[in-house]
Amino acid sequence: MATFRHICDSVAVITLSNPPVNALSSALIQALQKALGEAIRDSAVEAIVICGDKGKFCAGADIREFNKPSQKRGPHLLLLTDLIESNKKPVVAAIEGVALGGGLELALGCHYRVAHVQARVGLPEVLLGILPAASGTQRLPRLIGIAAALTLITTGKYVPAREALKLGIVDKVVGENTVDEAIRLAKKVIGQPLGSRQLSTLPVQCPPNVEALLAEAMVKVKKQFRGAQSPQACIEAVRAAVHLPYTEGIKKEQELYQFLNATHEPRAQQYAFFAEREVAKWTLPSGASWKTVSPQPIHTAAVIGLGTMGSGIVISLAKAQIPVIALEKDKKQLNIGSKAVISLLDRETLKMKQLGHTEATNSLGPVRFTLDYGELRDVDIVIEAVFENMILKKEIFRHLSGICKPEAFLCTNTSGLDIDEIASVTDRPQMIVGTHFYAPAHIMKLLEVVHGRYTSSISISTAMQLAKNLGKIGVLVGNCPLFVGNRLMVLYLQQAIFLVEEGNKLEEIDQTLENFGLAMGPFQMMDLAGLDTLWGCHVEHGLARPEQSSGISTHHHSSKRYSQLLGILCEKSRFGQKSGQGWYKYEKPGGRKAMSDPWLHNFLSEYHGVNNFKTQKITQEKIIEWCLYVIINEGFKVLEDGMASGPEDIDVIYNSGYGWPKHTGGPMYYASLVGLPVVLTKLEKYYEANPDIPGLKPSSLLKNLAALGNPPLKEWRALLGSWSSKL
Ligand SMILES: CC/C=C\CC(=O)SCCNC(=O)CCNC(=O)[C@H](O)C(C)(C)COP(=O)(O)OP(=O)(O)OC[C@H]1O[C@@H](n2cnc3c(N)ncnc32)[C@H](O)[C@@H]1OP(=O)(O)O
């Protein structure tokens, strides 16, 4: 790792070099400081260009060093930005690839910024539980104004070069030779006054309604990042830029940074960041891994079934520029499905145009619609996305076996059916993979890649690579009923329904869990997913019985408690958002705004009386424990069964597929934050009082780990040698 400089005429070029993304480690900051000092002192140097090695300017501070005590982290980047800005020689940042976090702050210290057209800039610190604490919260508002700076700093959004140019973050965008262009610019501005280019000296341009703007931003982040502190601290820091001179603003920025650093949030978010990258590097117990098994190239794909899931999958593939054949079973469905796909494609094209892609129409892969299975003969991969019905799926896979070329991978987008049973009817069980997308499939990041008993490592490698190509996070899971995400989710939803049966208000339960940070409470989530779908799933997996008796609930079966409420609501055609009423009512079928429904409350109090449920109103703290600890407990059972490679996989599934708040790291990380012995004691207590709810019975793995105290999550695997993945 080194920072070196060479002189090109009178311009010194300093190159940041710390593969793979030129993150600012202490060593790199130190080297940069040294090189800058030399360039500033060297009388032959009249201007300086800072660029990054291998086409990447800089991805910001080295996140791996965040856990080092601050005194061991070497010189602070903040001082460096001041040194750059205050020196008399013009400094130009040549931004290729990315300028993120500390990388952009470094560039903001420079007097000029030239960016490659494909570069992206941003201040994503908020997504790591901190704030831009190397002057980003003070310099950026001075450069682009309060409103735009607030958006960037509180969302962590990456901005493409052309948008950055419009916002005024960069001075010039070039199609090639960014460093050469920066050198040209540096030479041109030698000797010119730098005053207007020193951002710290500029006034902040404030609109008259600045306080209203800040207040509005606060309301927005409190809703968007419920329970997280860093977005609010970001706004406070920008408020300081509005009201205080630069040096005072910097003091406030530092104070807020120290405050955040003392909370658990940065550690949790940083864990989540690395967990995402770790799970993408799958390894099988056989030793096969992304390093040893090459994925097969996917040049063409087909999707069967153009309902909500299938349409989203088609768009996902098209966005990755993979040509798709979209197949439906009859003309009517094809007509409906193709309209849905075309309308989504139009929306994506528009979005891309807004992001500055001029040839947006050409940047989506072509989609062809058909009724003819024969057209699937030559595709590299087929993703089946029909109704969740085993008989139907087997019929399709039997058919595909006879049609598709032998090298084609056949995937099923089931959310929990047995992959092996599907594979058993094909001529290529080793090439059958579960690809469980999340709705809407062209937006949600998660893809559960399900490893069946016969699935080959090449098939896994190909599916994991496909996830990457689609811009998704592939997480490898085992073939257990409902796989991993939904296996934990159904128990959580069931717990929430039990609370309602015991007289607790569903709005209060939703609110409590949303305040904890979940994107949506369980009842709103059920309404979104469709109560009929969930009811079918509960029946199929033994959490309820198909027969109902209009309001009279026989709420035990084989000594297990279950609830018939979902089924009863479905009998009354209350399917959730799609029918305009479910747990809540909506303005119309398909409406999104959930409103409390007096009818439902009357119905529930009658139901409560008729069924003689004991009333147990519980506190918010207990709602959280009662609902979330079953997720954690089942997570341990998944690990015990070897259905996920590690706790990180479960956390990534929850963070990216179920709206779990990343500032708590994920359910398994959250368990370690609460303390495993505490979680265990609570579960024991709840199970003792409710022996008819198996989800509350503590897992042996949790017991074993809790017996060791509260070992950090990263040590769990080593501590329990016998626990191993059966993927
Ligand atoms: C006083 C505080 C001052 C400043 C605060 C900060 O700067 S905080 C850091 C802000 N920066 C970020 O949040 C950037 C995070 N990184 C990314 O968004 C992406 O990694 C990136 C740079 C867009 C590249 O994406 P890509 O998909 O191409 O690769 P991948 O994400 O797999 O990353 C490749 C490897 O680089 C590692 N890495 C990325 N960023 C950092 C970083 N800032 N510090 C340390 N390491 C980083 C990443 O973990 C991957 O490593 P690997 O070992 O290959 O898994």
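So, the shell around the ligand: its residues divide into 13 nonpolar, 3 polar and 4 charged. Keep in mind, please, that this is a predicted model. In total, 20 residues surround the ligand, and the closest are Ala23, Gly60, Ala61, Gly101 and Gly102.

Let's move on to a pair of helices. Helix H3 covers residues 102–109 and helix H4 covers residues 136–144. They pack at an angle of about 55 degrees, and their axes are 10 Å apart. That angle is why H3 counts as oblique to H4. The crossing of the two, H3 and H4, is left-handed. Who makes the contact? On the H3 side you'll find Leu104, Glu105 and Leu108, and on the H4 side Gly136, Arg139, Leu140 and Leu143. Sorted by character, the residues of this contact are 4 nonpolar, 1 polar and 2 charged.

Now for the sheet, if you'd like to turn the model with me. Here 8 strands form an open sheet with mixed pairing, and the order runs S12-S11-S10-S13-S14-S15-S16-S17. Which strands stand at the edges? They are S12, residues 367–370, and S17, residues 473–478; each has a single partner strand, so one side of each is left without a neighbour in the sheet. On average, neighbouring strands of this sheet are turned by 25 degrees against each other, direction ignored.

Looking at the S12 edge, strand S11, residues 324–327, pairs with S12 in the parallel sense over 4 bridges. Leu327 stands opposite Thr370 in S12.

Finally, helix H16, residues 457–469, packs on the sheet. H16 touches S14, S15, S16 and S17, and its direction makes about 150 degrees with that of S17. Thanks, everyone!

Terms used:
Residues numbered from 1 in each chain as written. Predicted model: local features only at pLDDT ≥ 70, side-chain atom pairs only at ≥ 80, totals over all residues. Near = placed C-beta within 6 Å. Nonpolar A, V, L, I, M, F, W, Y, C, P; charged D, E, K, R; others polar. Axes fitted to C-alpha atoms, helices over the stretch in contact; angles between N-to-C directions. Parallel < 35°, antiparallel > 145°, perpendicular 65-115°, else oblique. Left-handed = near helix turned anticlockwise from the far one by under 90°. Contact = placed C-beta atoms within 7 Å. Pairing = 2+ DSSP bridges.
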